[in-house]
Amino acid sequence: MMLRVYNTLSQKKEIFRPRENKKVNLFVCGPTVYDFSHIGHARTYIAFDMIAKYLKEKGYKVFYLQNITDIDDKIIKRAKEKNITPKQLARKFEKEYYKDMKALGITSVSKYARATDYIQEIINQVKKLIEKGIAYRINDGIYYDITKFKDYGKLSRRTVLQAEDAVSRIDEAKEKRNKGDFCLWKFSKPGEPKWKSPWGWGRPGWHIEDTAITQKHFGYQYDIHGGARDLIFPHHEAEIAQMEAISGKKPMAKYWLHTGFLTVKGKKMSKSLGNFITIREFLKHNSPQILRMLVLKNHYRSPIDYSEKEINQAKKELQRIAELVGKLKDIASSKKKEKKDLGRLKKLIQKTKKDFEKKMDNDFNTPEALAVIFGFVNKINTLISKNKLKKEDAKKILDLFGWFDKILGIGLTKAHYRVRLSENIKLKDLVEKRERLRKERKWKEADKIRERIKKLGYIIEDTKEGPRLKKID
Ligand code: AMP
């Protein structure tokens, strides 16, 4: 099946054809490490984790590169406030970022590249831009003249004049030729981190680190560039301007993929608005699978408005799958000898997998892919309620869930809804007592115990394999 992806550059869905048949070089803008990451960041990184994992499942050899911005105005400012060096601050939050990513099951990144490890490559790119007459020097640094690159604005569909209002602090300078010109190399002020360059001591601008890193690992051109949509302008536009001017080759990245924002009451979750929840805080109260579910229930390009209601909905949906997985595990491990019966279900399993892939091939449409899974869950529940599912069938279904989970990472096969009785002595005693009473046909007393179990937060279900507890949400 052909994968189609929406390309911000063409503003169309295109058939995905990497530059070199099965090899995919993917670059996603990483964090600026001056604080803990919030769940808005997580939204973007979970989406690209799913994308990288799906590409791998389709047989592509994916090299997923992410930069770490470890030098920047915000880092310098925060370090000053904390009375530590910018390097100390950046290393601390880089570590915290990796911890968060690990906790969220984000395992697809092949390499994290720190900006400050690429100073020589950055200097080389600035040199090239000066040689070509595109970059110029003023009193506080080296700047890029956006009027010298005729394709400027092609990603964000802006003109040079429209570029004026969107410069970040490092790009501000009175002497600039054009308002939209951006900084490539900033001369350092006393006390600021600095590196030696042919133009004097200084530090890199914001956009140049990414092109220096990608040139080193991928060369001038590569397959996919990703990030959240706020980066389209000016960041990604500037990257194109730098790299394509240096190489004379286009496009720098063949496909540009941008995620929608995680919002709160319609506003982008961000540090500056103060409307954020750190990943750390979120995971104190919720499992990582819940956040992944919340993200993947939505298309990666759509905004997600964060609310308790949305979280509860994601929990409920996971619980539905977890209940089925509990039943499947019981059936799969039952000691009963029975005839194998795969024929009937084999077709359904194959069709479900195909339908899932069809949805994913349509620009990674995870909400529809999840709908395929839920449709399948319903069918299997019906079969179980009619006692029609055999041991081998259950095993195959669990394998399929394992495959879905390799891509989505929502804990489909790890899910248990059965409480291991040994984990909770009180519950265990109660369940056993109720069983004894039932055997003695003391129904009323048995029902009383059922009520006590309910008060402890569990519903008891009687199945062929014995009593089973289900947590009430
Ligand atoms: P930053 O550390 O702010 O440079 O952000 C790192 C990445 O997370 C970038 O790709 C941002 O665009 C993305 N990002 C930041 N806030 C959000 C949000 N609320 N929703 C989705 N992505 C975000």
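Which residue takes a positive phi in the hairpin of E1 and E2? The residue is Gln-11, with phi near 55°. This is a predicted model, and that hairpin is a good place to enter it.

Strand E1 covers residues 4–7, and strand E2 covers residues 12–15. The two pair in the antiparallel sense, over four bridges. One bridge sets Tyr-6 against its partner in E2, Lys-13. Four residues lie between the strands, and Gln-11 belongs to this hairpin. A positive phi deserves a second look, because most residues other than glycine have a negative phi.

Next comes an open sheet of five strands. Read across it, and the order is E5-E4-E3-E10-E11. The pairing is parallel. The edges are strand E5 (111–114) and strand E11 (253–259), each of which pairs on one side only. From one strand to the next, the twist averages 25°. Look at the E5 end of the sheet. Strand E4, residues 61–68, pairs with E5 in the parallel sense over four bridges. There, Asn-67 of the chain stands opposite Ala-113 in E5. Strands of a sheet pair through backbone hydrogen bonds, whether parallel or antiparallel.

Now turn to a helix. Helix H3 runs over residues 86–103. How do the side chains of Lys-92 and Glu-96 meet? They form a salt bridge, at 3.6 Å from N to O. Side chains of opposite charge can pair when their charged atoms come close. Lys-92 and Glu-96 are four residues apart in H3, so about one helical turn separates them. A search of the whole structure finds 41 salt bridges.

Two peptide bonds call for attention next. Most peptide bonds are trans. Between Phe-233 and Pro-234, however, the bond is cis, with omega about 0°. Pro-234 is found in helix H6, which spans residues 232–247. A cis bond also joins Lys-250 and Pro-251, again with omega about 0°. Pro-251 sits in the loop between H6 and E11. Strand E11 is one of the edge strands of the five-stranded sheet.

Past E11, a second open sheet can be traced. Three strands form this sheet, in the order E13-E12-E14. Here the pairing is mixed. Strand E13 (267–268) and strand E14 (304–305) are the edge strands, and each pairs on one side only. Strand E12, residues 262–264, pairs with E14 in the parallel sense over two bridges. In that pairing, Leu-262 has Ile-304 of E14 as its bridge partner. The loop between E12 and E13 holds Lys-265. Phi of Lys-265 is near 50°, a positive value in a residue other than glycine.

Move on to helix H13, residues 425–439. What forms the positive surface patch? Its members are Lys-426, Lys-433, Arg-436 and Arg-452. Helix H13 gives the most to the patch, with three residues. Lys-426 is one residue that lies in H13.

The tour ends at another hairpin. Strand E15 takes in residues 458–463, and strand E16 takes in residues 466–471. They pair in the antiparallel sense over six bridges. Two residues link E15 to E16 in the hairpin. Thr-463 stands opposite Gly-466 in E16.

Note on methods
Residues numbered from 1 in each chain as written. Predicted model: local features only at pLDDT ≥ 70, side-chain atom pairs only at ≥ 80, totals over all residues. Heavy atoms only, no water. Patch = residues over 30% accessible without salt bridge, like charges linked within 9 Å, V, L, I, M, F, W, Y side chains within 5 Å. Areas by Shrake-Rupley, 256 points an atom, 1.4 Å probe, with all protein chains shown as cover. Salt bridge = Lys/Arg side-chain N within 4 Å of Asp/Glu carboxyl O. Lys, Arg positive; Asp, Glu negative; His and termini not counted. Charge placed at Lys NZ, Arg CZ, Asp CG, Glu CD. Pairing = 2+ DSSP bridges. Axes fitted to C-alpha atoms, helices over the stretch in contact; angles between N-to-C directions.
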